[in-house]
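Biologist: Can we go through the charged pairs in this one, then the core and the cysteines? Here is the entry.

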Amino acid sequence: MGKICQVKVFGPDGDLKVIELSSTEEQFQSMTVKLLRDKIRQLNTFSRNKRKDLRLIFTDKLLCVDSNLLRDYGIQHTSIIQVEPRVPGGGNLKHGG
C-alpha cells in the first residue's frame, strides 16, 4: 500500500479540510489543477458560495490553468491551498488622462 498524499484546503469562511489526492507518489506527481478543483467541488463545505467561482491560491500563485500539474506550482504532500470566492468586477481600466 502506498503513501496517501493530501493537501490542506482553507475555505472562504476559514474552515480547514484535508483532501486525499492519491495513494501513490506517482499519482500525486500527475495531479492537475482540474483534478484538485474537482475534489474541492465535491466538498459540501463551500456550497454556500458558487463553487464554480472559487479561486485556488498556493503561496502567491493563482492556480488558474486547469491542465497544469500541481508540482508545476511546487505543491507537495500537506501543502496548504487557499480557496477564495471570485469577486465580480474588473474589466479594462484606463490610466492617465
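Biologist: What does K34 form a salt bridge with?

Modeller: D38. The closest N and O atoms of K34 and D38 are 2.9 Å apart. Keep in mind that this is a predicted model.

Biologist: Where do K34 and D38 sit relative to each other?

Modeller: Both are in helix 2, four residues apart, so about one helical turn separates them.

Biologist: Is D38 buried or exposed?

Modeller: Neither; D38 counts as partly exposed, at 24% relative accessibility. K34 is partly exposed too, with a relative accessible area of 41%.

Biologist: Which residues are linked in a network with that pair?

Modeller: R41 joins K34 and D38 in a network of salt bridges.

Biologist: How many salt bridges in total?

Modeller: The count comes to four. Among them is D66 with R37, where the closest N and O atoms are 3.1 Å apart. That pair links distant parts of the chain: D66 is in the loop between strand 4 (61-62) and strand 5, R37 is in helix 2, and their positions lie 29 residues apart in the numbering.

Biologist: R37, buried or exposed?

Modeller: Buried, because its relative accessible area is 11% and the cut-off for buried is under 20%. Its partner D66 is partly exposed, with 32%.

Biologist: What else does R37 touch?

Modeller: Leaving out residues up to four places away in sequence, R37 touches L54, L56, L63, C64 and D66. The R37 and D66 side chains also make a polar contact, at 3.1 Å. R37 itself belongs to helix 2, which covers residues 33-41.

Biologist: And which partner does R55 have?

Modeller: R55 forms a salt bridge with E84, with the closest N and O atoms 3.2 Å apart. This pair also links distant parts of the chain, R55 being in strand 3 and E84 in strand 5, 29 residues apart.

Biologist: How accessible are R55 and E84?

Modeller: R55 is partly exposed, with a relative accessible area of 26%. E84 is partly exposed as well, at 29%.

Biologist: Switching to the core. Which residues touch the most other members of the largest nonpolar core?

Modeller: V7, L21, L36, L56, L63, I75 and I81, out of 20 residues in that core. At least two core residues come from each of strand 1 (5-10), strand 2 (16-22), helix 2, strand 3 (54-58) and strand 5 (80-85).

Biologist: Anything general to say about that kind of grouping?

Modeller: In soluble globular proteins, nonpolar side chains tend to be buried together.

Biologist: Take L21. What does L21 touch?

Modeller: Not counting residues up to four places away in sequence, L21 touches C5, Q6, V7, F28, M31, L36, K39 and L70.

Biologist: C5 came up there. Is C5 buried or exposed?

Modeller: Buried, with a relative accessible area of 0%.

Biologist: And C64, which R37 touches: buried or exposed?

Modeller: Exposed, because C64 has 54% relative accessibility and the cut-off for exposed is over 50%.

Biologist: How many disulfides does a search of the whole structure find?

Modeller: Zero. For reference, a disulfide is a covalent bond between the sulfur atoms of two cysteines.

Terms used: Residues are numbered from 1 along each chain as its sequence is written. This is a predicted model: local features need pLDDT of at least 70, side-chain atom pairs count only at pLDDT 80 or more; totals for chains, interfaces and linings use all residues. Side-chain values use heavy atoms; hydrogens and water are left out. A polar contact is a pair of N or O atoms within 3.5 Å; within protein, one must be able to donate a hydrogen and the other to accept it, and residues adjacent in sequence count only if both atoms are side-chain atoms. Contact means heavy atoms within 4.5 Å. A disulfide is a pair of cysteine sulfur atoms within 2.5 Å. Buried means under 20% relative accessible area, exposed over 50%, partly exposed in between (1.4 Å probe, protein chains only). A nonpolar core is a set of buried Ala, Val, Leu, Ile, Met, Phe, Trp, Tyr and Cys residues joined through side-chain atoms within 4.5 Å. A salt bridge is a side-chain nitrogen of Lys or Arg within 4 Å of a carboxyl oxygen of Asp or Glu.
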